[in-house]
Amino acid sequence: MAQKTRLQNCIEDLSAIFKKYASEDGDSETLSKAEAKKLLLNEMPELLEKTSDMDKVKEIADDLDMDGDGKIDFIEFMTMVMTLGFMCHLMDQEEK
Ligand SMILES: [Ca+2]
């Protein structure tokens, strides 16, 4: 098999990160609010550095649940990743 590209590895990593946190309770297909909070705190520490109060973390976790079913599915997680990627891209451009 051909060696995986960086993009392929990135996509696999995203899926693995989602699974890692989603699997902490019985349902590995979705993140509970507690799992989402843990993911944000562990994986996006710089994002949350300035907003260290837990209310803000809860607010972000609530915002991720776009359909309001109380859980964050993979599509909702990927929407967050896409938004963060877009924000990083904009910040990079501003620095130039
Ligand atoms: Ca949801």
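**Notebook: two helices and a core**

I began with the helix pair and found that helix α1 (residues 6-22) packs against helix α2 (residues 33-43) at an angle of about 130°, their axes lying 9 Å apart. Axes here are lines fitted to C-alpha atoms, for helices over the stretch in contact, with angles running from 0 to 180 degrees between N-to-C directions. Helices are DSSP runs of H or I with at least four residues, strands are runs of E with at least two, and both are numbered from the N terminus.

I noted that the model is predicted, that local features need pLDDT of at least 70 and side-chain atom pairs pLDDT 80 or more, while totals for chains, interfaces and linings use all residues. Residues are numbered from 1 along each chain as its sequence is written.

The pair α1 and α2 is therefore oblique, a word kept for angles that are not under 35 degrees (roughly parallel), over 145 (roughly antiparallel) or 65 to 115 (roughly perpendicular). I then looked up which residues make the contact, and these are I17, Y21 and A22 of α1 with E35, K38, L39 and E43 of α2; two residues are in contact if their C-beta atoms, placed from the backbone, lie within 7 Å. By class I listed four nonpolar, no polar and three charged residues, where Ala, Val, Leu, Ile, Met, Phe, Trp, Tyr, Cys and Pro count as nonpolar, Asp, Glu, Lys and Arg as charged, and the others, Gly among them, as polar.

I stayed with E43, which is found in helix α2 and counts as exposed because it has 12 C-beta neighbours inside 10 Å. The cut-offs are 20 or more other C-beta atoms within 10 Å for buried, 12 or fewer for exposed, and partly exposed in between.

Next I turned to the largest nonpolar core, which has 12 residues, among them F18, Y21, A22, L39, I72 and F77. Such a core is a set of buried Ala, Val, Leu, Ile, Met, Phe, Trp, Tyr and Cys residues joined through C-beta atoms within 7 Å. Helices α1, α2 and α4 (54-64) each supply at least two residues of this core. For I72 I set aside its neighbours within four places in sequence and found contacts with T30, L31, A36, L64, D65 and F77.

Last, I recorded the whole chain, which has five helices and two strands in the pattern α-β-α-α-α-β-α. Its C-alpha trace spans about 40 × 40 × 25 Å along the principal axes, and buried residues make up 14% of the 96 residues.
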